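Biologist: I should be grateful for a close look at a single part of this model, set in the context of the whole chain.

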Amino acid sequence: MTHARLAPLCGVTDYVFREICFEQGCEQAATEMISAMGYLCAPNQRAVTELMIRGEKEGPLAVQLFGRDPDTVAEAAKRMEDLGRFDSIDLNMGCPAHKIAPSGEGCGLMRVPDTAEEMMRKTVRAVCLPVTVKMRIGWDRAHLNAVDLARRAQDAGIREITVHGRTREQQYSGEADWDEIARVAESVDIPVYGNGDIWDGETALRRVRESGVAGVVIARGAMGNPWIFREIRQLDRGESPAPVTAEERFRMIETHYQRLLAWKPEHIAVREMRKHIGWYLKGLRGAAQIRMEVNRAETPEAVQAILSRFRQETEEAQEDGER
Ligand SMILES: Cc1cc2nc3c(=O)[nH]c(=O)nc-3n(C[C@H](O)[C@H](O)[C@H](O)COP(=O)(O)O)c2cc1C
């Protein structure tokens, strides 16, 4: 069986979307990254508590923490554990953002491996839950140190590692380097999960076969396409996956919308759904125009009307094509 997890994606993988992915066969997910310092200073702030919601339909869930100071991160991990809500603690050593990495958080930790190691050791010591790490292959091509950091992680008692096959310098551009991910997988005994550019089920299976990773972690490939997990399951069973139909996409938008509206104030749900709708409709004829209209609509009813029209047009176009 191909182990496939959903990666954390700030602003995308809230509990509603994670539940949808679990329903399609995702095995494990993580919260969006949460500032250890932010949590300790203001644990009841809505911006933080929203990130910590665990949906009833979710499967195994890691809470992902980021920070620069080992003691702060270890303390936040302990408090997260005390909530009794999460299955593991994941340490972010991969975020490349300008407000994060240059100040020694996220991928910035890969430039100070002694501090990164201290953070791993202190966090492992502070909690009973398994502690995992998500890192990149290095800061830039001249400093590929994921193998060294993975060995340190293993020695520190880290249970699993996810490696995103890009450097911080690459941000999200270029291609993920799966040879480098394979090198990391080879160099430690703990499970290494590979991440980067998994856009379909075939690629997921091939990456696992070729690189020796324990499984894959999917990020952008799941945006608007939670069915990627279903596809992986079907391929595992030796079935040829049926393409996702337009009808399925429209139904998923409805489900996603309803769940978001049940959770968030209407004007926020409308705003947040816009990007998801754009992703769900990607590839359908006329989707660009509809996306523009949806982005201007201010109420769920207005969005619904636009989508109903588009749905009907899509069905008619399909019927014409079949005739
Ligand atoms: C919009 C966005 C938000 C992200 N947020 C996080 C995050 O909170 N924590 C994290 O570890 N990685 C985060 N990532 C990185 C992804 O988890 C993943 O490592 C990266 O996108 C590469 O995988 P992919 O090629 O499958 O997209 C984010 C990426 C994007 C594009």
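Modeller: The following account begins with one helix and then turns to the chain and the ligand.

This is a predicted model, in which local features need pLDDT of at least 70, side-chain atom pairs count only at pLDDT 80 or more, and totals for chains, interfaces and linings use all residues. Residues are numbered from 1 along each chain as its sequence is written.

Helix α11 covers residues 266-281; helices (H or I, at least four residues) and strands (E, at least two) are DSSP runs, numbered from the N terminus. At 1.5 Å a residue, its 16 residues should span 22 Å, and the end C-alpha atoms are 22 Å apart, so the two values agree; the expected span is 1.5 Å times one less than the number of residues. At R274, α11 bends by about 30°, the bend being the angle between axes fitted to the seven residues ending there and the seven starting there. Buried positions in α11 include A269, V270, M273, H276, I277, Y280 and L281. A residue is buried if 20 or more other C-beta atoms, placed from the backbone, lie within 10 Å of its own. After α11 comes G283, with a positive phi near 100°.

The protein chain as a whole has 13 helices and nine strands. Of its 323 residues, 45% are buried. Its C-alpha atoms fill a box of roughly 65 × 45 × 35 Å along the principal axes.

Around the ligand there are 24 residues, of which A7, P8, M33, A219 and R220 come nearest; the criterion is a C-beta atom, placed from the backbone, within 6 Å.

Technical notes:
A residue is buried if 20 or more other C-beta atoms lie within 10 Å of its own, exposed if 12 or fewer, and partly exposed in between; C-beta atoms are placed from the backbone.
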